[in-house]
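Please open the model in your viewer and keep the selection panel at hand. The tour goes from one selection to the next and says what is found at each stop.

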Amino acid sequence: MYDLLVVGAGPYGLSIASHAAAAGLRVGVFGRPMASWRDHMPRGMFLKSEPWASHLSDPERRWRLDVYCAEQGMTARHGEPIPVEVFAEYGLWFARNAAPEVDERMVTRVTRGAGGFEAVTDDGETLSARTVALAVGVMPFLEVPAALTGLDASLVTHSSHHSDLDRFRDQDVTVVGGGQAALETAALLAEQGTRVRVLARSGQLCWNDVPPPWERPWWRSARSPHSGLGCGWRNWFYAERPGLFRRLPEPTRARIAATALGPAGAWWVRDRVEPAVEVLLGHEVAAARAVPGGLRLDVTDAAGSLGTLETGHVIAATGFRATADRLGLLSADLRTALATGADGSPEVGRDFESTSHPGLFLAGLATASGFGPAMRFVHGATYTAGALVRGVRRRLRSGPGLVPAPGRHEAPETARR
């Protein structure tokens, strides 16, 4: 039986597994390593976060992104975006060096079991664990406007469905959304010869500023400090003090999680979008239907006027919404009894443990309402990994048996691949 079974092998899952192994827990980590970054982002994209804010977390901070880049003959510099492909390879390097061996089978179901939980893999094996951490990333939480749901995938996709945009060469594509995913996707499409437009609900696009130099006069740093989420004291609080954020009133936390760091394009995308991409601001899709050659969209503008638009394909770059009902791998009894906040996201305690299911821990986007906007970014993995593993150790102490001594973290023989 595992002490901790980690479901998911992205930045959060790998970081949690690294801390858990170093703490001496019998830990298993399941999933395709860095799957979102390898399978759900088109070639040519870059990390929006600064390189120094994009480290995965191991307890000794040995396996950082800058260390990987140095080994590869590259430099991770402040103000210079890192290609997504490089970050994905960094995650695989981290997995090889800083975490227990990853079992690439997918966990399809988690349910209560004797002494804790049972997890079923995609090949039918049932594994037992005293505690479980769900680090499932963003893919279970895709958000598509209601007007676009129910249409065939040949006509409508989510931006995260694409690792390659080549299929849209010389076609007509409408990208719905006004954030980084929408704008960078549109830029890549335009650069390969696709006729592309962006349709955004907002009345204007927001663009992030070029970050100030890392080294600057002390008074500038004091006025607007750097943080893993950008400059400014508010961003610093979100990025560096998730534990204090959790002490805010629940309605305040939910509001901030929903509105802070809203849709915006990176400064280095702006010059690629403005000259090359048609942007329809203040527009929203009211209805969509298939027609020969693609779709006809009924579109409303800010004044409420209705118009039509024909396009070959719609890419919905409309983000993610982490509600408990979308955690489909939880058994029905666990999922329906999962305590949630006003926004529908799972309620977690100070150590990321579900308030309704002792021993079930959550990480990443699903915890943004509890611990703040940092949980939407890689930067939040460092705080999460340390706090969550401390919570696991406390939970194990409260049940039968003791936490194993440091160093005893090999998987049970029957569960090894």
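How many residues does helix α13 have, and how far does it reach from its first C-alpha to its last? Select residues 380-398: helix α13 has 19 residues and reaches 27 Å between those two atoms, close to the 27 Å expected at 1.5 Å a residue, where the expected span is 1.5 Å times one less than the number of residues. Helices (H or I, at least four residues) and strands (E, at least two) are DSSP runs, numbered from the N terminus.

Before going further, note that this is a predicted model, in which local features need pLDDT of at least 70 and side-chain atom pairs count only at pLDDT 80 or more, while totals for chains, interfaces and linings use all residues. Residues are numbered from 1 along each chain as its sequence is written, and side-chain values use heavy atoms, with hydrogens and water left out.

**Around helix α13**

Stay on the helix and colour its buried residues, among them Gly380, Ala381, Leu388, Val392 and Leu396; buried means under 20% relative accessible area, exposed over 50%, and partly exposed in between, with a 1.4 Å probe and protein chains only. Now add β1 (2-7), α1 (11-22), β6 (126-134) and β15 (360-362), since the buried residues of α13 pack against these elements, contact being heavy atoms within 4.5 Å.

Next, select Asp351 and Arg394, whose side chains meet in a salt bridge at 2.8 Å, N to O; a salt bridge is a side-chain nitrogen of Lys or Arg within 4 Å of a carboxyl oxygen of Asp or Glu. Asp351 lies in the loop between α11 (332-336) and β15 and Arg394 in helix α13, so the pair ties together parts that are 43 residues apart in sequence. Asp351 counts as buried at 12% relative accessibility, whereas Arg394 is partly exposed at 36%.

**The aromatic pairs**

The structure holds 17 aromatic pairs; rings of Phe, Tyr and Trp (its six-membered ring) pair if their centres lie within 6.5 Å, and planes under 30 degrees apart count as stacked, over 60 as edge-to-face and the rest as tilted. Select Tyr68 and Tyr90, whose ring centres are 6.0 Å apart and whose planes stand at 50°, so the pair is tilted. Tyr68 belongs to helix α3 and Tyr90 to helix α4 (residues 84-98), so the pair ties together parts that are 22 residues apart in sequence. Both are buried, Tyr68 at 8% relative accessibility and Tyr90 at 0%.

Phe371 and Tyr383 form another tilted pair, with 6.0 Å from centre to centre and 45° between the planes. This pair links distant parts of the chain, with Phe371 in helix α12 (residues 368-371) and Tyr383 in helix α13, 12 residues apart. Phe371 is buried, with a relative accessible area of 0%, while Tyr383 counts as partly exposed at 28%.

To see a wider grouping, select Trp37, Trp63, Tyr68, Phe87, Tyr90, Trp93 and Phe94 together, which form one aromatic cluster.

**More salt bridges**

The count of salt bridges comes to 22. Select Arg43 and Asp164, whose side chains meet in one of them at 3.3 Å, N to O. Arg43 lies in the loop between α2 and α3, and Asp164 in the loop between β7 (156-158) and β8 (172-176), so the pair ties together parts that are 121 residues apart in sequence. Adding Asp166 and Arg169 to the selection shows a network of salt bridges that links these four residues. Asp164 is partly exposed, with a relative accessible area of 30%.

Move on to Asp298, which forms a salt bridge with Arg289, the closest N and O atoms being 3.3 Å apart. Asp298 is buried at 16% relative accessible area, and Arg289 counts as partly exposed at 37%.

**A buried glutamate**

Which residue is the nearest side chain of opposite charge to Glu50, and how far away is it? Select Glu50 in the loop between α2 (35-39) and α3 (65-71): Glu50 is buried yet has no salt bridge, and the nearest side chain of opposite charge, Lys48, is 11 Å away. For charge, Lys and Arg count as positive and Asp and Glu as negative, with His and the chain ends not counted. A polar contact of 3.4 Å does join the side chains of Glu50 and His78; such a contact is a pair of N or O atoms within 3.5 Å, where within protein one must be able to donate a hydrogen and the other to accept it, and residues adjacent in sequence count only if both atoms are side-chain atoms.
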